[in-house]
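Open the model in a viewer and keep the selection panel at hand. The stops below say what to select and what is there.

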Amino acid sequence: YWRNFSFGDLGETAKLRREMLETLLPRLKIAKQCRLEEKCLVVQGTRRAYKIHLGSGNILMEPDDQYLCIVKAPAREKKNDLFLPFEGDNKLAVLLSKAFMLAADDKITDPTIVSQIEHL
């Protein structure tokens, strides 16, 4: 059940998120490291490739589809109110944050995340 919910078919919001990413991705610094698949944004890091589910935001690591657990950091105080074109879709903001972090996976220092990535 969990795997189907976390990595299953996309709902309407996730389908819209995918459409937004099709437009947004080519403009990002990490564009060459990313590709969209049916249900996932695939990010090629230095250590591994990662499939971020567009619905749940959960991550599977290639080549063996190991689950990668990344917990959102506590919210920081907002200093600027910056309008984003996807405002209101917090999941897209989280998804992009994960994509940027994983594209530079060789710079990750959190021992919990590094141990998961290096566990082959």
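Leaving aside neighbours within four places in sequence, which residues is S56 in contact with? S56 is in contact with S6 and K91, where contact means heavy atoms within 4.5 Å. This is a predicted model, in which local features need pLDDT of at least 70 and side-chain atom pairs count only at pLDDT 80 or more, while totals for chains, interfaces and linings use all residues. Residues are numbered from 1 along each chain as its sequence is written, and side-chain values use heavy atoms, with hydrogens and water left out.

**Stop 1: S56 and S6**

Select S56, in the loop between β3 and β4. Helices (H or I, at least four residues) and strands (E, at least two) are DSSP runs, numbered from the N terminus. S56 is buried, with a relative accessible area of 16%; buried means under 20% relative accessible area, exposed over 50%, and partly exposed in between (1.4 Å probe, protein chains only). Add F7 to the selection: S56 and F7 are 49 residues apart in sequence, yet 7.1 Å apart in space, C-alpha to C-alpha.

Now select S6, which is placed in helix α1 (residues 2-7). S6 is buried, at a relative accessible area of 1%. Not counting residues up to four places away in sequence, S6 touches H53, S56 and N58. For the pair S6 and H53, the separation is 47 residues in sequence and 7.5 Å in space, C-alpha to C-alpha.

**Stop 2: the sheet**

Show the strands. Five of them form an open sheet in the order β1-β2-β3-β4-β5, with antiparallel pairing; two strands pair if DSSP finds at least two bridges between them. β1 (34-36) and β5 (66-68) stand at the edges, each with a single partner strand, so one side of each is left without a neighbour in the sheet. From one strand to the next, the twist averages 30 degrees.

Start at β1 and step across. Three bridges join β1 to strand β2 (residues 40-44), and the two run antiparallel. To see the register, select L36, which stands opposite L41 in β2.

Five bridges join β2 to β3, again antiparallel. Here C40 stands opposite H53 in β3. The connection from β2 to β3 is a hairpin through four residues.

Pause on strand β3 (residues 49-53). Five of its five residues are buried, so β3 is largely enclosed by the rest of the structure. Display the side chains: A49, K51 and H53 point one way from β3, and Y50 and I52 the other way.

The next step is to strand β4 (residues 59-61), joined to β3 by three bridges and running antiparallel to it. Y50 has M61 in β4 as its bridge partner. β3 and β4 form a hairpin with five residues between them. In that turn, select G57, which has a positive phi of about 80 degrees.

**Stop 3: the loop between β4 and β5**

Select E62 and P63. A cis peptide bond joins E62 and P63, with omega about 15 degrees. P63 is placed in the loop between β4 and β5.

D65 lies in the loop between β4 and β5. Its phi is near 55 degrees, a positive value in a residue other than glycine. D65 is partly exposed, with a relative accessible area of 27%.

**Stop 4: α2 and α3**

Select helix α2 (residues 12-24) together with helix α3 (residues 90-103). Their axes come within 11 Å and cross at roughly 45 degrees. That makes α2 oblique to α3. Axes are lines fitted to C-alpha atoms, for helices over the stretch in contact, and angles run from 0 to 180 degrees between N-to-C directions. Angles under 35 degrees count as roughly parallel, over 145 as roughly antiparallel, 65 to 115 as roughly perpendicular and the rest as oblique.

Which residues of α2 and α3 meet? R17, M20, L21 and L24 in α2 meet K91, L92, L95 and L96 in α3. The residues of this contact divide into six nonpolar, no polar and two charged. Ala, Val, Leu, Ile, Met, Phe, Trp, Tyr, Cys and Pro count as nonpolar, Asp, Glu, Lys and Arg as charged, and the others, Gly among them, as polar.

**Stop 5: K98**

Stay in helix α3 and select K98. Is K98 buried or exposed? K98 is buried, with a relative accessible area of 14%. Not counting residues up to four places away in sequence, K98 touches I52, G57, I59 and I70.
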